[in-house]
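Biologist: I should like to learn how the local features of a model are read. Please take them one at a time, with the general idea before the case.

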Amino acid sequence: MASFSSGHAALTCFLGDATNQAHPLYLDTLQEVYLFDPHADLVSETLAPLAQVAAWAARGTSASKIARLYTQNDPAQLAPLLGQLGVTAPGPAPFDAATADDRNSLTSLPLAAWNALAAQHGGTVPYANTGQVHQVIPALILTDALNRSQF
């Protein structure tokens with residue numbers, strides 16, 4: 001299951017529903033959850049979906065569940081919830097941090113990181129604002145999520 005942008009609200013409702021939390025789909029079938037840049041400009045809006053993902057990851061067949069967060073924001077405000085997933089942000093963005101088994105991860109790539117990468121590869125800097133990066137994240141970062149998948 002994955003969410004992008006404001007889609008995190010639907011994911012939060014699904015994972016937070018008490019009836020769903022008792023269902024085998026939630027407990028054992030759903031094995032991977034990806035959050036693609038939930039509310040790019042509001043790190044505080046990432047707290048609710050991340051809390052529900054952390055709760056989901058700890059229930060049912062938790063030893064095989066995978067959670068990934070991809071964001072433009074520096075996630076210092078998310079540290080307590082990241083701790084529940086066993087992920088520690090190594091410092092200011094950009095970075096990719098994961099648990100030792102790579103089951104849970106956090107990738108923080110702010111606008112400046114995207115522009116620096118474009119410049120390194122000789123391209124013109126295509127990203128003028130976070131909204132442009134926001135739109136490209138699910139397309140490009142899905143590749144990373146699937147490469148790291150256990151399926």
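Biologist: Which side chains along S4 point to one face and are buried, and which point to the other?

Modeller: In a regular strand, side chains alternate between the two faces of the sheet. Along S4, Phe95 and Ala97 point to one face and are buried, while Asp96 and Ala98 point to the other and are not. Strands (E, at least two residues) and helices (H or I, at least four) are DSSP runs numbered from the N terminus. Buried means under 20% relative accessible area, exposed over 50%, and partly exposed in between, with a 1.4 Å probe and protein chains only. This is a predicted model, in which local features need pLDDT of at least 70 and side-chain atom pairs count only at pLDDT 80 or more, while totals for chains, interfaces and linings use all residues. Residues are numbered from 1 along each chain as its sequence is written, and side-chain values use heavy atoms, with hydrogens and water left out.

Biologist: In what order do the strands form the sheet?

Modeller: Strands of a sheet pair through backbone hydrogen bonds, either parallel or antiparallel. Here 5 strands form an open sheet in the order S1-S2-S3-S5-S4, with mixed pairing; two strands pair if DSSP finds at least two bridges between them. Strand S1 (2-4) and S4 each have a single partner strand and stand at the edges, so one side of each lacks a neighbour in the sheet. From one strand to the next, the twist averages 5°. Angles run from 0 to 180 degrees between N-to-C directions, and axes are lines fitted to C-alpha atoms, for helices over the stretch in contact.

Biologist: How many bridges join S4 to S5?

Modeller: The two strands run antiparallel and are joined by 4 bridges. Phe95 stands opposite Ser108 in S5. The two strands form a hairpin with 5 residues between them.

Biologist: Which helices pack on this sheet or lie across its strands?

Modeller: Contact means heavy atoms within 4.5 Å. Helix H4 (residues 47-57) packs on the sheet and touches strand S2 (32-36) and strand S3 (66-71), its direction making about 165° with that of S2. Helix H7 (residues 130-148) lies across S1, S2, S3, S4 and S5, and runs at about 155° to S2. H7 is also included in what covers the buried residues of helix H6; in H6 (residues 111-120), these are Ala113, Trp114, Asn115 and Ala118.

Biologist: Where is phi positive, or a peptide bond cis?

Modeller: Most residues other than glycine have a negative phi, and most peptide bonds are trans. Ser5 has a positive phi of about 60° although it is not a glycine. Ser5 lies in the loop between S1 and helix H1 (8-16), and counts as buried because its relative accessibility is 18%. Asp102 is another residue other than glycine with a positive phi, near 60°. Asp102 is in the loop between S4 and S5, and its 24% relative accessibility is why it counts as partly exposed. Gly122, which follows H6, has a positive phi near 75°. The peptide bond from Ala93 to Pro94 is cis, with omega near 10°.

Biologist: How many aromatic pairs does a search of the whole structure find?

Modeller: Rings of Phe, Tyr and Trp (its six-membered ring) pair if their centres lie within 6.5 Å; planes under 30 degrees apart count as stacked, over 60 as edge-to-face and the rest as tilted. The search finds 2 aromatic pairs. Tyr34 and Phe36 are edge-to-face, 6.0 Å centre to centre with 65° between the planes. Phe36 and Tyr70 are stacked, at 5.5 Å centre to centre and 10° between the planes. This second pair links distant parts of the chain, with Phe36 in strand S2 and Tyr70 in strand S3, 34 residues apart. Tyr70 is buried, with a relative accessible area of 1%, and Phe36 is buried at 5%.

Biologist: What does the side chain of Arg103 reach?

Modeller: A polar contact is a pair of N or O atoms within 3.5 Å; within protein, one must be able to donate a hydrogen and the other to accept it, and residues adjacent in sequence count only if both atoms are side-chain atoms. The side chain of Arg103 reaches the backbone oxygen of Ala63 at 2.7 Å. Arg103 is placed in the loop between strand S4 (95-98) and strand S5 (104-108).
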